[in-house]
Amino acid sequence: VLVLVLCPSTVTAEGPAYGPVHSLALDSVFSVSWRVVYASRERGSAASAVEFTYTLQQGSSSGLFGCLAFGTGMPNGDFMFASAGGTVGLVSDRSGNGFRTPVVDAVNSLTALRSSVVNGTATVTFSRPLDTGDSVDAVVREGPMDFLWAYGPGTALSPRGHSASTCGFAQIDLLSGEASAEAEGESEGWMH
């Protein structure tokens, strides 16, 4: 005699789920990858955040920051600065300030997750909600969005500008993963 006992499933859909990882090489030194974070593992769960990873080939240099900014220019950009440091890294949420160092937002909408420097390559991962609720932060939406990118000496907490060859523009659809980038190469200081 075979007795079969059926029990209801106890599998739960707790915790976040992650979309596929997408990557974009901004130049030979700086690349960014990202993936969408969903609120739960339940089917049909809404996207809630984006997890970014900046990778900088520092070589013999140390103390480089990476920056990706929503927008088409310095004056109105929504900047996400990150640099390696400790186990979680350093992040700084900033807003455009003309063509000067972007100012620190009153509310930091970035969460540092992990950081490392191995054989001259710095990697820092952080997350940001799609809609931070902060009036100075861009809302991540479907479709291509304009971005500025740069890297240079300093940290996320004290960036010291960038050179003409270490900045540019990108169009990224964070939700679908489609992206393209180009270098600016116009002048030193802060992006135009």
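Q: In strand 11, which residue is the bridge partner of Leu68?
A: The model is a predicted one. Strand 5 and strand 11 pair in the antiparallel sense, over seven bridges. Leu68 is on the strand 5 side, and its bridge partner in strand 11 is Trp149.

Q: How many bridges join strand 5 to strand 6?
A: Strand 6 covers residues 78–83 and runs antiparallel to strand 5. In this pairing Cys67 has Phe81 as its bridge partner in strand 6, and Phe70 stands opposite Asp78. The number of bridges joining strand 5 to strand 6 is five.

Q: Why is strand 5 described as largely enclosed by the rest of the structure?
A: In a regular strand, side chains alternate between the two faces of the sheet. On one side of strand 5, Leu64, Gly66, Leu68 and Phe70 are buried, and on the other side Phe65, Cys67 and Ala69 are buried as well. Strand 5 is therefore largely enclosed, the number of its residues that are buried being seven of the seven.

Q: In what order do the seven strands of the open sheet run?
A: Strand 5 pairs with strand 11 and is also joined to strand 6. The pairing in this open sheet is antiparallel. Its edge strands, each pairing on one side only, are strand 8 (103–104) and strand 13 (179–183). The order of the seven strands is 8-7-6-5-11-12-13.

Q: How many residues lie between strand 2 and strand 3 in their hairpin?
A: Strand 2 (residues 22–25) pairs with strand 3 in the antiparallel sense over four bridges. Leu24 has Val32 as its bridge partner in strand 3. The number of residues between strand 2 and strand 3 in the hairpin is four.

Q: Which residue of strand 3 stands opposite Tyr18?
A: Strand 1 (residues 17–18) pairs with strand 3 (residues 30–38) over two bridges. The sense of this pairing is antiparallel. Opposite Tyr18, in strand 3, stands Val37.

Q: Which residue of strand 4 stands opposite Trp34?
A: Strand 3 and strand 4 (residues 47–57) pair in the antiparallel sense, with nine bridges between them. Trp34 faces a strand 4 residue, and that residue is Phe52.

Q: Which residues are linked with Glu51 in a network of salt bridges?
A: A search of the whole structure finds three salt bridges. Glu51 meets Arg35 in one of them, at 3.0 Å from N to O, and this pair links strand 4 to strand 3, with the two residues 16 apart. Glu51 also forms a salt bridge with Arg114, the closest N and O atoms being 3.2 Å apart, and here strand 4 is linked to strand 9 (residues 111–118) across 63 residues. The network thus joins Glu51 to Arg35 and Arg114.

Q: Is Glu51 buried or exposed, and what is its relative accessible area?
A: The limit for buried is under 20% relative accessible area. Arg35, at 21%, counts as partly exposed, and Arg114, at 40%, is partly exposed too. Glu51 is buried, and its relative accessible area is 7%.

Q: With which residue does Arg128 meet in a salt bridge?
A: The N to O distance in this salt bridge is 3.0 Å. The pair links strand 10 to strand 6, with the two residues 50 apart in the chain. Both partners are buried. The residue that Arg128 meets is Asp78.

Q: How far away from Asp137 is the nearest side chain of opposite charge?
A: Asp137 lies in the loop between strand 10 (121–129) and strand 11 (145–153). A salt bridge needs the charged atoms within 4 Å. Asp137 is buried yet has no salt bridge. The nearest side chain of opposite charge is that of Arg128, and its distance is 4.5 Å.

Q: With which side chains does the side chain of Asp137 make a polar contact?
A: Not counting residues up to four places away in sequence, Asp137 touches Asp78, Asp93, Asp105, Ser109, Arg128 and Thr132. One polar contact of its side chain, at 2.9 Å, is with the side chain of Ser109. Another polar contact, at 3.0 Å, reaches the side chain of Thr132. The side chains asked for are those of Ser109 and Thr132.

Note on methods:
Residues numbered from 1 in each chain as written. Predicted model: local features only at pLDDT ≥ 70, side-chain atom pairs only at ≥ 80, totals over all residues. Heavy atoms only, no water. Buried < 20%, exposed > 50% of the residue type's maximum accessible area, 1.4 Å probe, protein only. Lys, Arg positive; Asp, Glu negative; His and termini not counted. Polar contact = N/O pair within 3.5 Å; in protein donor to acceptor, adjacent residues only side chain to side chain. Contact = heavy atoms within 4.5 Å. Pairing = 2+ DSSP bridges.
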